[in-house]
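This report looks at how strands, loops and a bound molecule are arranged in one protein chain. Please keep the structure in view while reading.

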Amino acid sequence: MDKDIKTEKRVRSASAPAEFILDWGVTQNIESCFDRAQRMKPCPIGHVGACCKMCHMGPCRLVGKNAEESVKGICGASLATVTARNIVRFASAGTACHGDHGRDMVFTLLAVANGETKDFKIKDVRKLYKIAGILDIEFEGRPVNDVAKDVAVKLLEDFGRQRGEVNFIKRAPKKTQERWRKWGIIPRGIDRENSESLDRTTMGMDADPDSLLLQGLRNALANGWGGSMISTEVTDILFGTPMPVKAEASLGIFKEEEVNIVVHGHEPSLAEMIVDVISEPDLMAYAKSKGAKGINLGGMCCTANEVLMRHGIPTAGGFTNQEPAIMTGLIDAFTVDVQCIMPAIVEVAKKFHTKIITTSEKVKIPGALHIQFDEHRAKEIAREVVKIAIDNYSNRTKKGSHVTEKFPLIGGFSHEYIEYMQGGRWRASFRPLNDAIMAGRIRGVVGLAGCDNPRFPSTGIHKYLATELIKNDVLIVSTGCSSAACGGSGYLTPEMALENAGPGLREVCEAIGIPPILHLGACVDNTRILTIASAMAAEGGLSDEIGGMPAVGIAPEWITEKAISIGFYFAASGVPVIFGGESPVGASKEVTRIMTEVWFERFKGALHFEPDPEKILALALDYIDKAREALKLKKYEPGKFGTEKVLMDMAARREIEKAAKPHIGIY
Ligand code: MSK
């Protein structure tokens, strides 16, 4: 745990409001993940991938002198085999999470199409038609619900397909697909790849690290171009494709005189319903009858990102803020759906009046109140949750560490909007972005993603990399808890570009009126980056595939298996990826070599693990500069740009808008 150099004080979080609350928590003897992280060091064998738990002869610990060459498990499995099996299982678990998330969204779409739920409706018909077109489903002149049903049924086939290819594979550039075909990693069905990954990694199965890792990539592609992409697209169809929206971030979003409800997790269906019902006159009147001035909704982790992107609901932050949020003493109901939910919140909540409410049959926590979400009576359940929060308001005590600091932000950058902002409704394109990269105004693009980690001063590496990258004229697209880290530091505003970006990036941001860090959404919305990269390849002037673009993915504080699956699918798609922290495959030089050198040769992508933030930055810039060189682009020199290209400014876009005819959908 890092210490402040001057005061020698232990620093848990790089976010000032979180740190303030955590300090207060220490005085009250309230334990947090930061305390547990300090007390419990990682197992040094499992941490680097050298522990095999795949059968009951072990666990075998493949450690010692020359472990790579001579130490074997009882069955004879080598260190490389064991390490590869471990990381493939990590990736598969991540694919399963995002796959289940995507499947649930499709079931909701199907329920809407079948008229089984009145509470949801299709908000973006244009997006539905776009997806129908990609899936070769006829949509012109047909009732919307019929099209939606066909889309849902066809997407559901992606989960159980035994042979063939996941539908959205065809959205990738041809050359990217050719690489996948050559190496046999096109996913057949999402569940099939998960099942086969478990099968191949058991004792007595695949022992070749390269072959195992190829299956890991195939599995992860079933996430990136399958489960997660399905989730993003169907969520847009149901709840609307995001457009830029103002919001606020940090633990200071809670209000002392209002009922505070938190929505935490990843699947936004219930959260969307809560957004709808909190402004109902009956509930408002009920809240007032209990002495509250109103009802305040705040998000946490990726459910936060979903409702922020579409409604401007403020975010309380990422993963490590869930316990400090309760320590404010202001949360009347803390509602969770799936993924990244610490069971520890129940223990923290016991010290306050906060009610923890689990809502998914997949996530039950002893001590929490369980209210099963059911899309067929979604609003009724949302009202029940809100009523519980209102009833609990009067139980609030003065106990808690109240903070008021919060930061404005702009979120809501869907891939459709990014295309639109570069040319308006009728001339939407990626041309200006490609031109800016070619001219050297923008040096490259980094996807800054992933969790915040209590083993470092949490969110600190996100903040460091965000500031250094934009200073170096690198445009950032952010997702997940990285967006929360940037938002909670005031980085997601256009002013950030004026004050901190390099001259080229600043010019582009000013011309278009965007922040230098574009909040793209939740963890599943990393697929928006794949769509953007595919569009940039199709636009021309850079690489004709995703591989070879001056683009890098970074997850500096990753913790989850989902993050590994995301890292794998970006690497397979052609993006070099750098994760922070110690390497989970660090025990095997051979596995490390395959995941970096061999993957780069085959796919132009790689997955590195690098604990030193300065080295992460240097490696990212090196990848970007080498890609520019290979594409024969102008050498990047700060402040010196090549061919002058005029970017579309706001006035020009308004002119195009005026001429545009009414259009189906929201943009
Ligand atoms: S929530 S996966 S801690 S980004 Fe998507 Fe944050 Fe990581 Fe969960």
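In which cavity does the ligand sit? In this predicted model, the ligand sits in the largest cavity. The residues around the ligand include His266, Phe319, Gly450, Thr560 and Lys562, together with a set of cysteines, among them Cys301, Cys302, Cys340, Cys451, Cys481 and Cys523. By residue class, the shell around the ligand divides into 7 nonpolar, 3 polar and 1 charged. Domain 2 (251-395) and domain 3 (413-635) each supply at least three residues of that shell.

Two open sheets can be described in the same terms, and the table sets them side by side.

| Strands in the open sheet | Strand order | Pairing | Edge strands |
|---|---|---|---|
| 6 strands | β12-β11-β10-β13-β14-β15 | parallel | β12 (517-521) and β15 (606-609) |
| 5 strands | β5-β4-β6-β7-β8 | parallel | β5 (295-300) and β8 (369-370) |

In the open sheet of 6 strands, with the order β12-β11-β10-β13-β14-β15, the edge strands β12 and β15 each pair on one side only, and the twist averages 20° from one strand to the next. Strand β11, which covers residues 474-479, pairs with β12 in the parallel sense over 4 bridges, and Val477 is found opposite Leu518 in β12.

Why is one side of β5 and of β8 left without a neighbour in the open sheet of 5 strands? These two strands stand at the edges, and each has a single partner strand, so one side of each lacks a neighbour in the sheet. Elsewhere in the order β5-β4-β6-β7-β8, strand β6 (residues 333-336) and strand β7 (residues 355-358) run parallel and are joined by 4 bridges, with Val336 standing opposite Thr358 in β7.

Two loops carry backbone features that a reader preparing a calculation may wish to look at. The peptide bond from Gly58 to Pro59 is cis, with omega near 5°, and Pro59 is placed in the loop between β1 (51-52) and β2 (60-61). Asp136, a residue other than glycine, has a positive phi, near 60°, and its place is in the loop between α5 (125-134) and α6 (144-160).

To return to the ligand, its place is in the largest cavity, and the shell around the ligand draws on both domain 2 and domain 3.

Terms used:
Residues are numbered from 1 along each chain as its sequence is written. This is a predicted model: local features need pLDDT of at least 70, side-chain atom pairs count only at pLDDT 80 or more; totals for chains, interfaces and linings use all residues. Side-chain values use heavy atoms; hydrogens and water are left out. Two strands pair if DSSP finds at least two bridges between them. Axes are lines fitted to C-alpha atoms, for helices over the stretch in contact, and angles run from 0 to 180 degrees between N-to-C directions. A residue is near a molecule or strand if one of its heavy atoms lies within 4 Å of it. On a 1 Å grid over the protein atoms alone, a cavity is a set of points where a 1.4 Å probe fits but cannot get out, and a pocket is an open set with protein on both sides within 12 Å along at least five of seven lines; lining residues have an atom within 4 Å of a point. A molecule sits in a cavity or pocket if more than half of its atoms lie within 2 Å of its grid points. Ala, Val, Leu, Ile, Met, Phe, Trp, Tyr, Cys and Pro count as nonpolar, Asp, Glu, Lys and Arg as charged, and the others, Gly among them, as polar. Domain bounds come from an automatic or database domain assignment.
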